[in-house]
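Student: I am new to this model. Please take one loop and look at it closely, then show me how the rest of the chain is built.

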Amino acid sequence: MGTVTSQTSAKRFAPDRIAILGGGPGGYEAAMVAADAGAEVTIVEEKGMGGSAVLTDVVPSKTLIATADAMRRVNASTAFGVRFGEHSSDKYETEAWADFSKVNQRLMKLAHSQSRDIHASVEAAGVRIIAGRGRLVAPTNIEVTTEAGETTVLEADAVIIATGAHPRELGSAKPDGERILNWTQAYNLTEVPEHMIVVGSGVTGAEFASAYRRLGADVTLVSSRDQVLPGEDSDAASLLENSFARAGVKVASRSRAESVERTENGVKVTLTDGRVLDGSHCLMAVGGIPNTENIGLEEAGVETTESGHIRVDTVSRTTAAGVYAAGDCTGMMPLASVAAMQGRIAVAHMQGEAVKPLQLHRVASNVFTSPEIATVGVTQAQVDSGKYQADVVKLDLATNPRAKMMNIREGFVKIFSRKGSGTVIGAVVVAPRASELIFPLALAVTHKLHVDDVAGTFTVYPSLSGSLSEAARRLHLHVAEPNQS
């Protein structure tokens, strides 16, 4: 995103009244910080606290993925000597199966429970919550329309816009909520799909493809690129694609969906290269659209990009004085953690506190496939292009004793250190629970630790984290193994 300069000369102030449009991670995290600082804070939220992240996106999707992973572990447990049924029977082994109506009931129950918990926590902090649809009114007020149709103006000294995004739709593939689905409608299903066609091989598409296959559905993933997850580490993407092949996920690569039609008993997906795929259901995972239309941005002097995202700088300012923005509506990394950080930074900046601008290269992110892919900092592509000079060690988990005990057969740890200084500048972890394993390496990147700091820290033996210190140790020793890059 470009730097916002229109208010660089504007005098900062500590606002007494802060209005927040949107109750997702960017909104409610900002509200908690602002209330703690003594401001009078009001959130306007139409659908429920937590926003789409909690109600229709992150919480339900990751709960679905957790269920799929539980099935994977149960079905793989026979390799540990675990048996099902009577010992005397010759056919005591069986496979787990998903009661999809129960699965979806549970995940939606968890989503609404989390929303209620957030609502209670925010209210307990002294934040006022108004259920309704909001519209920015210059300079820093919000016009609120309630469910009953009543309209009122909320006066404030500063505003934070955190309206999120919604699924992108193709004109030739309109979701109907039954056979053709977007990611918010995937939880309407009462049975495991016979054959799910997932359109889009980015993070969302890959996650759903992995989950549905583990839950027992036949899955075809439509990818416009040569490889799934084109924006991720190439070694990680290659490993995942091989894992998909072994699990039975079919990948229709180098083509896009031209149209999706509902048939008598399913769907027909026509690709741009002429191929036609028949399935029982189709999930469209082709990106998101920022919720920035008709909320008064233009009238208030808030600039947006060509894609409709709000233009912000690294301290969350928009081009209108006193108006900040956070989350998916800004076009930064579409992660709940980034939204929350943007919201906290916005409050710190408007309060006149010393603030560290948002630095995206320090953001740890995770793809919740099986196995998971976690990354932070400098990437392999940036090293290969010459943008960064780095030493790289890639250590397969096959040598890790804990991985052997857990029957983990694929995965790796990759660490990038700056040439000359040995500072940790990036990392990739591919493993079960990679989302947990990346944290110490994120600390190393954020605090510019030397590889010796990582290598010299005690790890539990045996543990997967032992491979983190081992990779760092090999960077210090400059040991090159055949599969290292």
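Tutor: Arg 433 sits in the loop between strand S23 (424-431) and helix H11 (434-446). The model is a predicted one. Phi of Arg 433 is near 60°, a positive value in a residue that is not glycine. Is Arg 433 buried or exposed? Arg 433 is partly exposed, because its relative accessible area is 41% and the partly exposed range runs between 20% and 50%.

Now compare another loop. Leu 229 lies between strand S11 (218-222) and helix H6 (234-247). Phi of Leu 229 is positive too, near 50°, and again the residue is other than glycine. Leu 229 has a relative accessibility of 2%, so it counts as buried.

Two further loops hold cis peptide bonds. One such bond joins Ser 370 and Pro 371, with omega about 5°. Pro 371 is in the loop between strand S19 (365-367) and strand S20 (372-377). Another joins Ala 138 and Pro 139, with omega about 0°. Pro 139 belongs to the loop between strand S4 (133-137) and strand S5 (141-145).

Next, the interior. Nonpolar side chains tend to be buried together in soluble globular proteins. The largest nonpolar core here has 44 residues. Leu 64, Phe 100, Phe 208, Tyr 212 and Leu 283 have the most contacts inside it. A second, separate core has 28 residues, including Val 429 and Ala 444. Back in the largest core, Tyr 212 touches Leu 64, Phe 100 and Leu 283, among others. Its partners also include Ala 186, Met 196 and Val 219.

A helix residue comes next. Ala 111 lies in helix H4 (residues 100-124). Ala 111 is buried, because its relative accessible area is 0%. Ala 111 touches Val 54, Leu 55, Val 59 and Pro 60, leaving aside residues up to four places away in sequence. Ala 111 and Asp 57 are 54 residues apart in sequence, yet 9.2 Å apart in space, C-alpha to C-alpha.

Finally, step back to the whole chain. The chain has 13 helices and 23 strands. Its radius of gyration is 24 Å, close to the 23 Å that the globule rule gives for 485 residues, so the chain is as compact as a globular protein of that length. Buried residues make up 48% of the 485 residues. Of the contacts between residues at least 6 apart in sequence, 62% join residues at least 24 apart. The accessible surface comes to about 22900 Å², and carbon and sulfur atoms account for 48% of it.

Key: Residues are numbered from 1 along each chain as its sequence is written. This is a predicted model: local features need pLDDT of at least 70, side-chain atom pairs count only at pLDDT 80 or more; totals for chains, interfaces and linings use all residues. Side-chain values use heavy atoms; hydrogens and water are left out. Helices (H or I, at least four residues) and strands (E, at least two) are DSSP runs, numbered from the N terminus. The radius of gyration is taken over C-alpha atoms; the globule rule is 2.2 Å times the number of residues to the power 0.38. Buried means under 20% relative accessible area, exposed over 50%, partly exposed in between (1.4 Å probe, protein chains only). Contact means heavy atoms within 4.5 Å. Accessible areas come from the Shrake-Rupley method with a 1.4 Å probe; for residues, only the protein chains shown count as cover. A nonpolar core is a set of buried Ala, Val, Leu, Ile, Met, Phe, Trp, Tyr and Cys residues joined through side-chain atoms within 4.5 Å.
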